[in-house]
Amino acid sequence: MKLNQIKAKRYHEKYLSTGKRIHLLGVSFSSKTRNITSWKEEII
């Protein structure tokens with residue numbers, strides 16, 4: 001799982017000037033079990 005789409009679309013940029021930590025989260029879901037199978041976090 002990658003955070004490339006979040007970074008490429010620059011969703012986080014409008015919050016950079018707030019001075020707060022920004023957490024980028026990538027979450028994968030299983031369609032079979034309907035649960036989270038993995039996740040990745042990056043703090044900016």
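**Reading a predicted model**

User: In which loop is the place of Arg10?

Analyst: The elements that flank this residue are DSSP runs numbered from the N terminus, a helix being H or I over at least four residues and a strand E over at least two. In this predicted model, where local features need pLDDT of at least 70 and side-chain atom pairs count only at pLDDT 80 or more, while totals for chains, interfaces and linings use all residues, Arg10 has a phi near 55°, a positive value in a residue other than glycine. Residues are numbered from 1 along each chain as its sequence is written, and side-chain values use heavy atoms, with hydrogens and water left out. The place of Arg10 is in the loop between α1 and β1 (23-29).

User: In what order do the elements of the protein run from the N terminus on?

Analyst: The secondary structure of the protein comes to one helix and two strands. Read from the N terminus on, these elements follow the order α-β-β.

User: Which residue forms a salt bridge with Lys7?

Analyst: A salt bridge here is a side-chain nitrogen of Lys or Arg within 4 Å of a carboxyl oxygen of Asp or Glu, and by this rule the count comes to one salt bridge. The closest N and O atoms of the pair are 2.9 Å apart, and the partner of Lys7 is Glu42.

User: How many residues apart in sequence are the parts that Lys7 and Glu42 tie together?

Analyst: The salt bridge joins Lys7 to Glu42. Because Lys7 belongs to helix α1 (residues 4-9) and Glu42 to strand β2 (residues 36-43), the pair ties together parts whose separation in sequence is 35 residues.

User: Is Glu42 buried, partly exposed or exposed?

Analyst: Relative accessible area decides this, with buried meaning under 20%, exposed over 50% and partly exposed in between (1.4 Å probe, protein chains only). Lys7, the salt-bridge partner of Glu42, counts as partly exposed at 36% relative accessibility. With a relative accessible area of 28%, Glu42 is partly exposed.

User: What relative accessible area does Arg34 have?

Analyst: Arg34 lies in the loop between β1 and β2, and although Arg34 is not a glycine, its phi is positive, at about 60°. Arg34 counts as exposed, its relative accessible area being 73%.

User: What share of the 44 residues in the protein is buried?

Analyst: The C-alpha atoms of the protein fill a box of roughly 40 × 20 × 10 Å, taken along the principal axes. Of the 44 residues in the protein, the buried share is 14%.
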